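Student: Please take me on a close look at a single pocket in this protein. I would like to know what lines the pocket, and then what else there is to see around the chain.

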Amino acid sequence: MTSPIALIDCNSYYCSAERAFDGSLKGVPVIVASNNDGCAIARSDEAKALGIKMGDPIHKIRDKIEAHGVRVLSSNYTLYGDMQRRVLAAIEPFARDIEIYSIDESFLDLAGFEDRDLVAHAQAMRAQVLQWTTIPTCVGIGSTKTLAKLANAAAKKNPIFEGVADLRDESLRNWVLDRFPVGDVWGVGRATAAKIGELGIHTAGQLRDMPIKQARGVGTVVLERLVAELQGVPAAVVETIEPQRKGMAVTRSFGEPARDFDVLMGAIAQYAMRAGEKLRSHGLVAGRLAVFFHTNRFADRPQYSASRTLAIHPMSSDGLELVRLARKGAEHAWRDGYAYTKAGVILEDLIAAELRPRTLFEDEAGTERRDRLMEALDAINGRFGRMTAVPASTGFKRQWRARADMKSPAYTTRIAEVPVVRA
């Protein structure tokens with residue numbers, strides 16, 4: 001018999017994290033905007049009630065924002081990451097093991113707690129998270145991750161569960177699955193939902209009853225695993241094997257258009273350094289780099305889009321080498337007279353660093369020195385904050401940086417911005 005699995009999910013996480021330190025946000029509609037203050041990526045319940053949808057461009061809902069006094073905040077990922085650490089500390093005593101699924105969701109292995117009332121156990125966990133962080137949560141419990149995820153959605157949508165749904169009870173599980181739209185099931189995309197809808201499968205309960213062989217024929221092994229999990233058969237053996245990444249990208253829109261090459265190159269240099277940092281954190285090297293930049297496609301002005309791809313030889317995760325190659329590509333693609341609003345660096349042909357093929361005339365001593373330099377750079381930026389130590393090519397003014405005009409303070413990570421209470 002498998003041990004129960006729980007999924008704890010922070011409600012409207014970014015908005016809740018902001019409310020933890022700003023009491024004026026409580027009870028009013030709140031939106032957190034994406035990079036460059038472009039779109040709504042988090043909404044409080046009050047904002048959702050106004051019909052504001054995920055991904056709505058801020059400029060298109062400006063009238064609604066002003067009419068209803070919606071508070072709009074820039075993304076503060078430093079705060080959200082630190083609050084996640086506090087949430088994890090609060091839930092740690094309630095599970096044997098924790099698997100972080102996203103910044104606001106975690107799966108919990110409840111092995112060893114089976115003899116307890118798990119609904120009461122989950123309610124106690126929610127209460128501790130609320131007490132330690134002020135962040136509200138919902139919990140779903142099931143015999144598989146898919147059922148725990150579905151239970152969490154039920155707990156969030158239906159007030160009869162009071163924030164915790166335990167779908168280990170067969171009658172309750174069937175009641176929920178028979179009312180749950182198949183398109184909302186974790187792992188069922190729009191195309192798959194349409195395909196199985198043609199077979200008369202419209203609810204999670206109908207998907208659960210789909211023959212396993214038919215599921216594989218319709219949606220490959222992914223749908224087969226999903227059906228198995230809905231039937232209570234865990235797919236953990238497959239999920240523990242992490243797929244090798246094929247590529248990674250660092251791209252951003254600019255706060256102000258870049259009309260000068262050195263300004264554009266400052267942004268590209270930062271993205272290349274960040275891409276190298278991501279490679280090293282995953283123990284990978286890359287064999288190919290693509291650099292691109294373009295103007296605002298929606299603006300009434302001259303348009304230009306360019307990209308160049310270069311081989312990285314020998315394969316590397318050296319940030320300075322990535323900057324050199326990115327500059328080479330950008331110089332070939334650059335055209336004067338345009339206002340560029342977005343750029344990025346894409347790395348491809350990724351393999352584990354220890355499997356990197358050696359070249360005949362490779363300077364191993366020089367490679368070791370650069371590796372030590374990258375380690376030192378990572379250590380400095382890890383301790384004192386990203387972009388503390390950077391190449392001079394990133395510039396000093398950095399007017400290309402994304403807008404964050406409504407960003408809240410770094411309440412928990414910067415001593416000068418720690419809230420002050422006066423009695």
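Tutor: Happy to! Let us begin with helix α6, which gives the most to the lining of the second largest pocket, with eight residues. This is a predicted model, where local features need pLDDT of at least 70 and side-chain atom pairs count only at pLDDT 80 or more, while totals for chains, interfaces and linings use all residues. Residues are numbered from 1 along each chain as its sequence is written, and side-chain values use heavy atoms, with hydrogens and water left out.

The volume of this second largest pocket is about 1000 Å³. A pocket here is an open set of points on a 1 Å grid over the protein atoms alone, with protein on both sides within 12 Å along at least five of seven lines, and its lining residues have an atom within 4 Å of a point. A volume is the space filled by probe spheres set on the points, which are joined across faces, edges and corners.

Its lining takes in 38 residues, and those nearest the centre are D9, C10, S12, K48 and K156. Besides α6 (145-157), two or more lining residues each come from β1, α1, β3, α2 (45-49) and β7 (137-142). These names follow DSSP runs counted from the N terminus: helices (H or I) have at least four residues and strands (E) at least two. By class, the lining of this pocket holds 15 nonpolar, nine polar and 14 charged residues. Asp, Glu, Lys and Arg count as charged, Ala, Val, Leu, Ile, Met, Phe, Trp, Tyr, Cys and Pro as nonpolar, and the others, Gly among them, as polar.

One contributor, β3, deserves a closer look. The strand belongs to an open sheet of three strands, ordered β3-β2-β4 with mixed pairing. Here β3 (40-43) and β4 (71-74) are the edge strands, each pairing on one side only. Two strands count as paired if DSSP finds at least two bridges between them. β2 (residues 30-33) and β3 run antiparallel and are joined by three bridges. Among the partners, I31 is bridged to R43 in β3, and V32 faces A42 in β3. The hairpin of β2 and β3 has six residues between the strands, and there N36 takes a positive phi near 70°. Just ahead of β2, the loop that follows α1 (13-19) contains G23. From the C-alpha atom of G23 to that of D169, 146 residues apart along the chain, the separation is 40 Å.

Another contributor to the pocket, β1, leads us to an enclosed space. There are two cavities of 30 Å³ or more, a cavity being a set of grid points where a 1.4 Å probe fits but cannot get out. The second largest cavity has a volume of about 70 Å³. Its lining includes I8, C10, Q84, V87, L88 and I91, along with residues such as S102 and D104. Two or more lining residues come from each of β1 (5-10), α4 (77-91) and β6 (105-109), with α4 giving the most, four residues. Sorted by class, this cavity lining has six nonpolar, three polar and two charged residues. C10 is worth finding on your screen: this residue lines the second largest cavity and is also one of those nearest the centre of the second largest pocket.
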